[in-house]
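Visitor: I should like to learn how to read a structural model, one feature at a time. Could we work through an example together?

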Amino acid sequence: MDKSKLTEMTARRHAERADGGQLAADDIGRVLDTLFGTVEHAGTIAEALKAHETVALGSFGSFHVADGAASFRPGKALTEYLQDRTG
């Protein structure tokens, strides 16, 4: 899934679940750019990793630096979901 599909899907899911509020795909795209960065600008996750911080995203997982490279450790809820062990 590329970024445009991710932003469209996220906007659609938000609209289905939200209490009347909506986020445009463009707004979601800007948030993704801010978090993950672009070619021109590092995102907040990259900045935190460069400062030797771990970025924990709840049950989704965490990003950290291992041997000088970014690494991702999935959270329990994500792992269970991917293994079809959730209710």
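**Reading a predicted model**

Guide: Let us begin with a single polar pair: the backbone nitrogen of Lys5 lies 2.9 Å from a polar atom of the side chain of Asp2. Please keep in mind throughout that this is a predicted model.

Visitor: Where is Asp2 found, and with which side chain does the side chain of Asp2 make a polar contact?

Guide: Asp2 is found in the segment before α1. Its side chain makes a polar contact with the side chain of Ser4, at 3.1 Å. Asp2 counts as partly exposed because its relative accessibility is 43%, and partly exposed covers the range between the 20% and 50% limits.

Visitor: How should one describe the chain as a whole, and what pattern does the protein chain follow along the sequence?

Guide: One starts with the elements and their order. The protein chain has four helices and three strands, and along the sequence they follow the pattern α-α-α-β-β-β-α.

Visitor: What radius of gyration does the protein chain have, and what would a compact globule of 87 residues have?

Guide: The protein chain has a radius of gyration of 15 Å, whereas a compact globule of 87 residues would have one near 12 Å. Along the principal axes, the C-alpha trace spans about 45 × 40 × 25 Å. Contacts and burial complete this picture. Among the contacts with a separation of 6 or more, 8% are between residues 24 or more positions apart. Buried residues make up 18% of the 87 residues.

Visitor: What may be said of the surface and the charges?

Guide: The accessible surface of the protein chain comes to about 6,800 Å², and 53% of that belongs to carbon and sulfur atoms. There are 10 positive and 13 negative side chains, and the centres of the two sets lie 5 Å apart.

Visitor: How does one read the packing of one helix against another? Let us take Thr7: is Thr7 buried or exposed?

Guide: One reads the location, the burial and the contacts in turn. Thr7 is found in helix α1, residues 3-17. Thr7 is buried because its relative accessible area is 7%, and the cut-off for buried is under 20%. Leaving aside neighbours within four places in sequence, Thr7 is in contact with Ala25, Ile28, Gly29 and Leu32. The side chain of Thr7 also reaches the backbone oxygen of Ser4, at 2.9 Å.

Visitor: Which residues is Ala25 in contact with, beyond its neighbours within four places in sequence?

Guide: Those residues are Thr7, Glu8 and Ala11. Ala25 is placed in helix α2, residues 25-36. The C-alpha atoms of Ala25 and Thr10 are separated by 7.6 Å, although these residues are 15 apart along the chain. Ala25 is partly exposed, with a relative accessible area of 28%.

Visitor: What would the same reading give for a strand residue, such as His64 in strand β2?

Guide: Strand β2 comprises residues 61-66. His64 is buried, at 13% relative accessible area. Beyond neighbours within four places in sequence, the contacts of His64 include Leu49, Thr54, Ala69 and Phe72. Arg73 is also one of the contacts of His64, and the side chains of His64 and Arg73 make a polar contact at 3.4 Å.

Visitor: Let us turn to the loops. Where does Gly58 lie, and is Gly58 buried or exposed?

Guide: Gly58 lies in the loop between β1, residues 55-57, and β2. Gly58 is exposed because its relative accessible area is 66%, and exposed means over 50%. The C-alpha atoms of Gly58 and Gln22, 36 residues apart along the chain, are separated by 23 Å.

Visitor: Backbone angles may also be inspected. What is the phi of His52, and what is the phi of Asp84?

Guide: The phi of His52 is positive, about 65°, although His52 is not a glycine. Asp84, likewise a residue other than glycine, has a positive phi near 55°. His52 lies in the loop between α3, residues 44-50, and β1, while Asp84 is found in the segment after α4, residues 76-82. His52 counts as exposed at 71% relative accessibility, and Asp84 counts as exposed at 70%.

Technical notes
Residues numbered from 1 in each chain as written. Predicted model: local features only at pLDDT ≥ 70, side-chain atom pairs only at ≥ 80, totals over all residues. Heavy atoms only, no water. Helix = DSSP H or I, 4+ residues; strand = E, 2+ residues; numbered from the N terminus. Rg over C-alpha atoms; globule rule 2.2 N^0.38 Å. Buried < 20%, exposed > 50% of the residue type's maximum accessible area, 1.4 Å probe, protein only. Contact = heavy atoms within 4.5 Å. Areas by Shrake-Rupley, 256 points an atom, 1.4 Å probe, with all protein chains shown as cover. Lys, Arg positive; Asp, Glu negative; His and termini not counted. Charge placed at Lys NZ, Arg CZ, Asp CG, Glu CD. Polar contact = N/O pair within 3.5 Å; in protein donor to acceptor, adjacent residues only side chain to side chain.
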